[in-house]
Amino acid sequence: MVTQVADAADTTIEQRGNAMGNVEFSTDKDAAVLAQELNCMKSMVTLILKAMGQADAGKVIMKMEKYITELEDPAQAEVFSNTIKQITFAYRQ
């Protein structure tokens with residue numbers, strides 16, 4: 001089952017099933033726009049972590065790091081690891 005959740009400015013979000021992990025976000029094909037989207041997401045995650053409080057944010061960071069160790073693709077794990085390091089650094093500022 002695919003349900004269209006939102007459609008704005010050529011951005012479509014589709015939800016497959018009920019789990020958030022099954023949501024697919026469309027992205028722009030332009031590398032500069034993708035870079036801006038990624039920067040936005042990193043900033044948003046950092047701000048969410050700061051709003052959570054130190055104990056809960058620490059748990060989230062540990063879960064993200066554990067998730068990285070479970071990834072089968074080493075290249076993907078490296079990208080995720082670098083991203084988490086950037087977010088963790090920004091969080092601690």
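Is Y67 buried, partly exposed or exposed, judged by its relative accessible area? In this predicted model, Y67 has a relative accessible area of 43%, and because partly exposed covers the range between 20% and 50%, Y67 counts as partly exposed.

The ring of Y67 also leads to the aromatic pairing of the model, since a search of the whole structure finds one aromatic pair. The partners are Y67 and F80, whose ring centres lie 6.0 Å apart and whose planes stand at 35°, so that the pair is classed as tilted. Y67 belongs to helix α2, which spans residues 54-70, while F80 belongs to helix α3, and the pair therefore ties together parts that are 13 residues apart in sequence. F80, for its part, is partly exposed, with a relative accessible area of 30%.

From F80 the reader can follow helix α3 to its packing against helix α1. Two packed helices are described by the angle between their axes and the distance between the axes. Here the axes of α1 (residues 31-52) and α3 (residues 74-92) come within 9 Å and cross at roughly 50°, an angle that makes α1 oblique to α3. The crossing of these two helices is right-handed. On the side of α1, the contact is made by K42, V45, T46, L49 and K50, and on the side of α3 by T83, Q86, I87, A90 and Y91. Sorted by character, the residues of this contact comprise five nonpolar, three polar and two charged.

How values were computed
Residues numbered from 1 in each chain as written. Predicted model: local features only at pLDDT ≥ 70, side-chain atom pairs only at ≥ 80, totals over all residues. Heavy atoms only, no water. Axes fitted to C-alpha atoms, helices over the stretch in contact; angles between N-to-C directions. Helix = DSSP H or I, 4+ residues; strand = E, 2+ residues; numbered from the N terminus. Parallel < 35°, antiparallel > 145°, perpendicular 65-115°, else oblique. Left-handed = near helix turned anticlockwise from the far one by under 90°. Contact = heavy atoms within 4.5 Å. Nonpolar A, V, L, I, M, F, W, Y, C, P; charged D, E, K, R; others polar. Phe/Tyr/Trp six-rings, centres within 6.5 Å; stacked < 30°, edge-to-face > 60°. Buried < 20%, exposed > 50% of the residue type's maximum accessible area, 1.4 Å probe, protein only.
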